[in-house]
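Visitor: Could you take me on a close look at one part of this protein? I would like to see how a single buried spot fits into its surroundings.

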Amino acid sequence: MPKRKKAKGKGNITFFAVLLAAAALVSHFTGVFTLSDLKEVIGVSTSNIAEGEVQVHYIDVGQGDSELILSNGHAVLIDTGEKEEGEKVFSYLKQEGVKTLDCLILTHPHSDHMGAASYIVDNVDIKKVVIPKLPDDKVPATKVYENFLKSVKNKNLKLTAAEPGLKIDIGEAELEIISPVSDDYKNLNDFSAAAILRHGGNKFIFTGDNEKNAEKDILEAGYLERADVLKVGHHGSKSSSCKEFLEAVKPEYAVISCGEGNKYGHPDEEAVKRIKKYTDKIYRTDIDGTVIMISTKDGIKPETEN
């Protein structure tokens, strides 16, 4: 598995380099402003995204989920991991040059997916927050969820319901919400907001913690498509990645987000066997660390931290 290499940017990089060099010279003689000041003004990003490229970062947040989509100066974060992962995710955003999130999507209100949501909302400029609308009896009364709502209110943000058909532009790509398709699930996992990311002919599917009931509903509703990369549902649990779902998606790559030596036994051997019928290119954050899928007109290139 190839490890991550720094991609070479194109387009305006030369212009910015000249501008920054001039700024440094002027600053040396005048002391009017610093190099970092100019970077802030002109919005230079430290991100390594080439023109026409889309990157999906499956951030290693232990036993949890967090994915960052980057393209053409735009960024969307799906889930944040547990509360203690907040500083790591925030630092990762800074490392990738992300100052503003076009959208924060929280697939469902379990702490391993949104534990650090309040920290991210407090510390990052966010244009839109998307989260499933739940029946009253499913709305959690947890401190994590309460803190998230307080942070949203303090930032004067409004919550957008994750509903099938909702589309979010991300530079060169488009993300479409495809679930939940029902409001009558017993399991909170099945309310997860799943989504399809399209970039040219390349497609990615994000599943949250959807289990087989929700997977079959998404299929029956006609929202599933053949996809290149599957973010495996519920950390590779036995109750997700059912045969019918996998047969519709037929992924070339699969990514499982889970913690090393986790107490749940994720990923489950049976689930992995089902996935291996379609692909042996299975990446795991507990083994590979953060996984990055780079989408270009020529296809998809995986890179790993470890």
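Guide: Happy to; we will begin with the whole chain, settle on one isoleucine, and then walk out to the cores and a few other side chains. Please keep in mind that this is a predicted model.

The protein has 306 residues, and 52% of them count as buried. Its secondary structure comprises 10 helices and 17 strands. Among contacts with a separation of 6 or more, 66% join residues that lie 24 or more positions apart. The exposed surface comes to about 14600 Å², with carbon and sulfur atoms supplying 49% of it.

Now to our spot, I168. This residue sits in strand β9, which runs over residues 167-170. I168 counts as buried because its relative accessibility is 6%, and the cut-off for buried is under 20%. Leaving aside residues up to four places away in sequence, I168 touches V76, C103, I105, V130, A173, E174 and L175. For a sense of spacing, the C-alpha atom of L197, 29 residues along the chain from I168, is 9.3 Å from that of I168.

One of those partners, C103, is also buried, since its relative accessibility is 0%. Another cysteine, C242, is buried as well, at 8% relative accessible area. As for disulfides, the structure holds 0 of them.

Let us move on to the nonpolar cores. In soluble globular proteins, nonpolar side chains tend to be buried together. Here the largest nonpolar core has 28 residues, and the members that touch the most others are L68, L77, L101, L106, I120, I126 and F148. At least two residues of this core come from each of β2 (67-71), β3 (74-78), α3 (86-95), α5 (117-123), β7 (129-131), α6 (143-154) and β16 (291-296). A second, separate core holds 27 residues, including I105, A162, V291 and I300. I105 is also one of the residues that I168 touches.

L101 gives a good view of the packing. Beyond residues up to four places away in sequence, L101 touches L68, A75, V76, L77, L93, I120, V124, D125, I126 and K127. V76 appears here, and V76 is among the contacts of I168 too.

Our last stop is S151, a serine in helix α6. S151 counts as buried because its relative accessible area is 5%. Residues up to four places away in sequence aside, S151 touches S118, V121 and D122.

How values were computed: Residues are numbered from 1 along each chain as its sequence is written. This is a predicted model: local features need pLDDT of at least 70, side-chain atom pairs count only at pLDDT 80 or more; totals for chains, interfaces and linings use all residues. Side-chain values use heavy atoms; hydrogens and water are left out. Helices (H or I, at least four residues) and strands (E, at least two) are DSSP runs, numbered from the N terminus. Buried means under 20% relative accessible area, exposed over 50%, partly exposed in between (1.4 Å probe, protein chains only). Contact means heavy atoms within 4.5 Å. Accessible areas come from the Shrake-Rupley method with a 1.4 Å probe; for residues, only the protein chains shown count as cover. A nonpolar core is a set of buried Ala, Val, Leu, Ile, Met, Phe, Trp, Tyr and Cys residues joined through side-chain atoms within 4.5 Å. A disulfide is a pair of cysteine sulfur atoms within 2.5 Å.
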